[in-house]
Every structure is written in structure tokens, then in C-alpha cells.
Amino acid sequence: MTRRYDAIVAGGGPAGSTAALRLARSGLSVLLAERTRFPRFHVGESLLPRNFQLFRELGLEAGIAALPHHRKVGGEFAFGHETASLRFRFADGLLGDVEAETINVERAPFDAWLLDEAVAAGAEVAQGTAVKEILQLDAGGAAVRLDTGDEVEAPVLLDASGQSTLVGKHLGTRQGHPDHRKVAFFGHARGVQRLPGEEAGHPCIVMMADAWFWLIALDEERTSVGLVMDADHARRTGRELGIPPQRMLAWGIARCPFVAGRTAGATLPAENHVGADFSYHCRPYAGPGYFLLGDAATFLDPIFSTGICLAMVGASRAADDVLALRAGADPAAVHRRYARFVDGSSDVFFRLVRRYYQQPFRELMMQGEGPLAIHRAIYSVLAGHVFPRPPLGLRWRVRLMEALTEVQRRVPLVPRRELHSLHPPHADAAGPAGDLPPREAADAAGTTPRATR
């Protein structure tokens, strides 16, 4: 028999749970199908300040405060071969009086708590149950077959399947960004050295020419540690040096003086997790019978910890649009509005991610200040104040930073910084940066063609 609901949600991560919670609280019958069983390990532990506005709107601030977490009021950037770092506070951003504090939190209990909140709101949640096949997706609604064999239908399918991109693959709309194909090696460690005082919760991003690291305090003892490399470069490195993927994190730490210093007295995992970080988009983000949420819509490099914020705020907006459709709004107009919301809030991050891999941009950022408060504008963007699109004062300053990056490439506005690699290539593979293979050299020099946006 076919079961019918007002909405089907595929995936129980932050995006799916938020959408299910919002719709169930509005009186809709919602089925959320999650292929795994919670709690389960997941990377992505750093929340943005903008998340907390949504938590308050949903009445969830007390619940999240009860989870094990670490306070976060800013961030830290460093070059891997140096000892000094740049530290900033969200309160120093251009919009410093708006949401200047957040937390780092282990994803397993966070995701499980948020899914429980969706159940408490009235959503029907089927854990260990995946959407196996889309049977219908058009103006007449959506119908799916679960891996249990059951068939379910509803006026709308909200795809929160993450990098599985259920609807994107069904429609053939997933398009990757060829110059942003990364792989991450990560795990949890104990005893990692931290900054003093309130800066202890600053996520630390450590930059190398061919890689970058993250250090994120989860609680008083544990720290999430990760290494991100270009996928092709990582494969070549592992092959040439005989390093299995599960040992790549330890190898990288040993070759990065800054991270090696922070983890000198730490207990690191014996083996690391491995995950692909291939940026992509699945346009259109909404259409007859569906909305795409979070990573099922678009995924960008996790440098700036944007995933949960974009997922949850976007899911809440999609829930509003589902309710608008039920009230008789024009479907085409609603779908266009949602697509503008996703693009408007994510585009600025795509622009910053692209620039982040260019050495001139890093040199300007590490200077710590610039004309017309451009650094303060970037701090506000990194806090997540981009919905439904960044304010004009942030947008033009980000564009100014891009222009200055082009100037810095040709004329040093701030001191040049050396490029250092974890695994320099053979001499015959070196590119224009001197110690990088062609792809990484182009990224650092800023000559890689822009990803399609």
C-alpha cells in the first residue's frame, strides 16, 4: 500500500531535521527517512554565530546549551611554517553587534538531539531507512520507494540527503567544480594545545601551499583535527611515499611545524577518517515537487565552517516556501525565490573559498587590517551574516578585497610570504610557484580558472 504525507524529507542531518521540525510544528504530516541510525560520527563541528538566531527562533537555545560544547567567539589563521597567527573576534566584524558568539559541538550528539526535536514536533522519523528510488517528481507531487519496499507519496519531497544528492542524481543536475576537488583526513584528538582565555575556542585554520589543517576544540579535552588536500595531489603523495589514506593525517602533522607544535603533547587517533570534499551544485534548487536542502543543493569547501548554517537556515526557508505553496502561492515564483535565497547566501562564500586558495589573498588576510574596514567585513561574512544575501556594505568590501588581491599579485601591498608544501613535487613537475605541481601552483598564484557559478 502507498502511504501519503504532506511532505517527505530524505535525510535526517541538520537540514532535514530543521525542515521536518518546522513543517510538523505547522501541522503537516511529515515522514523523514534517514538511512543511518543516530548517533553516528560526522565531521563539521563548528557552528557560525548566525546559527544562534535560528536556534532562538525555533526555541532550541536551551537544548543546544545542554549539549557538550566549547564556546566560540572568533577564529584563528596561521601559515604552517610560521609560529605567529592572526586571531579575530566576530564582535570586531562590521556587524559586530549582531550575533557575535557561537559554539563548537560534536556532531553525533548534536545531530541526534536535533532529530529528536523533529520527532517531538510531530514528524515521523524512520531511522535505518533510505529512499531507494524516486518514482515521481513533477507538478503532481513526489513518490518514492523506500529500501523497506514501502512506497510513499506527498505533494513535495525535501531532499536533505547531503552529498548523496538524491534528487540531483535523479534529475542529472549535479555539476562539480573541477578546480575544487579536495579530500579530507580527520579525527578527534586529546590534549591539543589551545590559546588562552576566551580564544581557546577559536577554530584554527593552518595554511600550506598544497594543504590546510583545521583544529577545532570540541570540549575541554577533545579537539577535531583535519587535513585537506587536493584529491589528485593526495593520491600522488600517498602513492609516492607509501602512505595509506588512514595514516595521512599523522604524516601531514609531522610535516607542518605549526600543527606539530600544537599537537606535540596530544594523543592523536591511530587512524584517521577519510572524506571527499568535492564542491558542486545541483541547480535548479527547487522545482515541481521538490526542494533541495543543504549539501543536497550545493556543497563548498568547508574552510569556513559554513555547512550547518547554510543547511539549517536554508531548510527553514524551504519550510516557509512549502507552506506558501499550500496557501496557494505561484509555484514558479516560489521556486525562483528559493533559488535566489540559496545563491544569494552561498555565493559570497564561494567567492571567498576561491580566493582563499590564492597566496596574494592569504597575504592580505594575514596582515590583519586593511582600508575601509574590509577585514571587518570579512569577519562578519565568516560569522554567517549573509541571509538572504549579504548587506551591501559587506558585498562591496568583499569585492574590494578581490580587487586588492589582483593588485597584490603584481605589486606587494603587504609583505610577500613564502610558500611551503607538505610534499614538494619532483623538479620536473614544478609549476610557476617553484615548489608546487601545476594545479596547486595555479591555485596559489590565482591563475586557476574560476569555478562555474
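This report looks at two residues and two pairs of packed helices in a predicted model.

## D219, a residue in a loop

D219 lies in the loop that connects strand β15, residues 211-217, with strand β16, residues 222-230. Its relative accessible area is 15%, and because buried means under 20%, D219 is counted as buried.

The side chain of D219 makes polar contacts with the backbone of residues that follow in the sequence: one reaches the backbone nitrogen of E221 at 2.9 Å, and another reaches the backbone nitrogen of R222 at 2.7 Å. When residues up to four places away in sequence are set aside, D219 still touches H69, H70 and R194.

## S85, a residue in a strand

S85 belongs to strand β6, which covers residues 85-89. With a relative accessibility of 24%, S85 counts as partly exposed, because this value falls between the limits of 20% and 50%.

Apart from neighbours within four places in sequence, S85 is in contact with E76, F77, A78, F258 and M366. With E76 there is also a polar contact, in which the two side chains come to 2.6 Å. The chain also brings S85 and V206 to a C-alpha to C-alpha distance of 8.9 Å, although 121 residues separate them in sequence.

## Helices α1 and α4

Two packed helices are described by the angle between their axes and by the distance between those axes. For helix α1 (residues 14-25) and helix α4 (residues 107-121), the angle is about 20° and the axes are 8 Å apart. Because angles under 35 degrees count as roughly parallel, α1 and α4 are roughly parallel to each other, and α1 passes α4 in a left-handed crossing.

On the α1 side, the residues that meet α4 are P14, S17, T18, A20, L21, A24 and R25, while α4 contributes R107, F110, D111, L114, L115, E117, A118 and A121. Sorted by character, the residues of this contact comprise 9 nonpolar, 2 polar and 4 charged.

## Helices α12 and α13

Helix α12 (residues 374-382) packs against helix α13 (residues 392-410) at an angle of about 120°, with 9 Å between their axes. This angle makes α12 oblique to α13, because it lies outside the range of 65 to 115 degrees for roughly perpendicular and is not over 145. The crossing of α12 and α13 is left-handed.

In this contact, I374, H375, A377, I378, S380 and V381 of α12 meet G393, L394, R397, V398, L400, M401 and L404 of α13. The residues of the contact divide into 9 nonpolar, 3 polar and 1 charged.

Notes:
Residues numbered from 1 in each chain as written. Predicted model: local features only at pLDDT ≥ 70, side-chain atom pairs only at ≥ 80, totals over all residues. Heavy atoms only, no water. Helix = DSSP H or I, 4+ residues; strand = E, 2+ residues; numbered from the N terminus. Buried < 20%, exposed > 50% of the residue type's maximum accessible area, 1.4 Å probe, protein only. Polar contact = N/O pair within 3.5 Å; in protein donor to acceptor, adjacent residues only side chain to side chain. Contact = heavy atoms within 4.5 Å. Axes fitted to C-alpha atoms, helices over the stretch in contact; angles between N-to-C directions. Left-handed = near helix turned anticlockwise from the far one by under 90°. Nonpolar A, V, L, I, M, F, W, Y, C, P; charged D, E, K, R; others polar.
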